[in-house]
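Have the sequence and the 3D view side by side for this one. We'll start at a single residue and work outwards from there.

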Amino acid sequence: MRPRNRTSLLGPLARARFQKAGMLTSLTLVLAASVVAPTAVAAQTVSDSGPAAHEYTGGTDCKPHKHRSAAVPETTDKCKGATGATGPRGATGATGATGATGTPGQNGATGATGATGATGADGATGATGAQGATGPAACTDIDASQDSNNFEVRAVLSGSNPTRAYAGIRDLTGDTLDPFLWTDLSTHPNYPQNACGISIVQHGLGSAPEGDVRVDVVTTAGQVYETQCAVVLSDRTLNCANNAWILVNRQPAPGAVNGGTVVR
């Protein structure tokens with residue numbers, strides 16, 4: 001069979017069906033008559049079917065270089081050939097540019113407080129610190145006075161911050177020495193807590209209206225305080241009552257000559 005040069009009045013689909021019907025009729029007649037040998041039948045089949053698979057049917061549905069095989073189902077595209085094999089994978093393209101940084105997200109909620117860790121080992125002992133300044137020295141002092149053979153008086157200062165001042169008297173009229181009798185003067189009003197030296201002096205009996213014994217102390221700041229006691233001759237005791245300590249007037253002053261600091 002050779003290509004037709006005329007334009008068919010039938011469309012491509014009608015012509016294909018017509019050709020298939022003709023070919024099947026010829027094969028049926030040949031096999032029924034047993035005239036044609038199997039090789040002839042095969043040749044006839046090849047001869048009839050070969051050109052039909054590549055026949056250009058014309059018309060407006062396909063371009064001239066497109067062909068349709070008669071074996072392709074009618075539901076397929078009449079102009080599209082079989083799908084070719086998948087080609088090899090192409091080379092990996094270059095990495096694209098990095099995109100812009102996104103907006104930071106909101107801060108997450110604060111997590112729960114973790115469990116308390118184990119107590120750490122004790123650190124090494126630190127270096128010994130420098131020696132501190134020497135504190136004030138303990139003020140201890142004593143003084144005595146005896147103007148007659150009937151008694152004697154003494155004053156004692158002892159302790160530190162505050163010191164304590166004592167006045168004592170002893171009877172000398174007996175065949176043996178009597179013990180001293182002491183009175184704590186540091187409990188009297190206005191006693192200077194920083195007293196650091198002490199003295200005691202007697203007056204003629206009955207000559208001083210304030211008393212017969214005067215006790216003085218000097219403080220670490222150089223101030224002089226005094227108080228007085230009376231001597232009770234009946235039992236050789238001191239009556240200091242609750243006499244207050246007062247600043248003597250005047251106070252010692254550097255460079256003074258028959259003068260000093262006036263107490264206001």
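## Starting from one serine

Leaving aside residues up to four places away in sequence, Ser145 touches Glu152, Val153, Ile200, Val201 and Gln202. Keep in mind that this is a predicted model. Ser145 is found in strand 1. Is Ser145 buried or exposed? Ser145 is buried, because its relative accessible area of 12% is under the 20% cut-off. Now look at Val201: along the chain Ser145 and Val201 are 56 residues apart, yet their C-alpha atoms are separated by 5.8 Å.

## On to Glu152

One of the residues that Ser145 touches is Glu152, so let's go there next. Glu152 lies in strand 2, which covers residues 151-159. With a relative accessible area of 8%, Glu152 is buried too. What does the side chain of Glu152 make a polar contact with? The partner is the side chain of Arg170, at 2.2 Å. Arg170 is also on the list of residues that Glu152 touches, together with Ser145, Gln146, Gly168, Ile169, Leu172, Phe180 and Gln202, again without counting residues up to four places away in sequence.

## The sheet around them

Time to zoom out a little. Strands of a sheet pair through backbone hydrogen bonds, either parallel or antiparallel. Here, an open sheet of 4 strands has the order 1-2-3-4, and the pairing is antiparallel. Which strands sit at the edges? They are strand 1 (141-145) and strand 4 (181-184), each of which pairs on one side only. On average, neighbouring strands of this sheet are turned by 20° against each other, direction ignored.

Have a look at one edge of the sheet. Strand 3 (residues 163-171) and strand 4 run antiparallel and are joined by 4 bridges. In one of these pairs, Tyr166 has Asp184 in strand 4 as its bridge partner.

## Strands 5, 6 and 7

Further along the chain there is another set of neighbours to trace. Strand 5 (residues 195-202) runs antiparallel to strand 6, with 7 bridges between them. Ile200, which you already met as a contact of Ser145, stands opposite Val215 in strand 6. On to the next pair: 6 bridges join strand 6 to strand 7 (residues 224-232), and these two are antiparallel as well. Within that pairing, Arg214 stands opposite Gln228 in strand 7.

Strand 6 and strand 7 form a hairpin, with 4 residues between them. In the turn you'll find Gly222, which has a positive phi of about 85°. How many of the residues in strand 6 are buried? The count is 6 of its 7 residues, so to speak a mostly covered strand (residues 213-219).

## Two disulfides

A disulfide is a covalent bond between the sulfur atoms of two cysteines. The model has 2 disulfides, and here they are:

| Disulfide | S to S distance | Torsion about the S-S bond | Handedness |
|---|---|---|---|
| Cys139 to Cys196 | 1.7 Å | -75° | left-handed |
| Cys229 to Cys240 | 1.8 Å | about 105° | right-handed |

The pair Cys139 and Cys196 links distant parts of the chain, 57 residues apart: Cys139 is in the loop between helix 2 (38-53) and strand 1, and Cys196 is in strand 5. How covered are the two ends? Cys139 counts as buried, at 7% relative accessibility, whereas Cys196 is partly exposed, with a relative accessible area of 29%.

In the other pair, Cys229 lies in strand 7 and Cys240 in the loop between strand 8 (237-239) and strand 9 (246-247), so this disulfide ties together parts that are 11 residues apart in sequence. Both Cys229 and Cys240 are buried.

## The whole protein

Finally, step all the way back. The protein has 2 helices and 9 strands, and from the N terminus on the order of elements is α-α-β-β-β-β-β-β-β-β-β. What share of the 264 residues is buried? Buried residues make up 22% of them. The protein exposes about 18900 Å², and carbon and sulfur atoms supply 54% of that area. As for contacts with a separation of 6 or more, 39% are between residues 24 or more positions apart.

How values were computed
Residues numbered from 1 in each chain as written. Predicted model: local features only at pLDDT ≥ 70, side-chain atom pairs only at ≥ 80, totals over all residues. Heavy atoms only, no water. Buried < 20%, exposed > 50% of the residue type's maximum accessible area, 1.4 Å probe, protein only. Polar contact = N/O pair within 3.5 Å; in protein donor to acceptor, adjacent residues only side chain to side chain. Contact = heavy atoms within 4.5 Å. Pairing = 2+ DSSP bridges. Areas by Shrake-Rupley, 256 points an atom, 1.4 Å probe, with all protein chains shown as cover. Axes fitted to C-alpha atoms, helices over the stretch in contact; angles between N-to-C directions. Disulfide = S-S within 2.5 Å.
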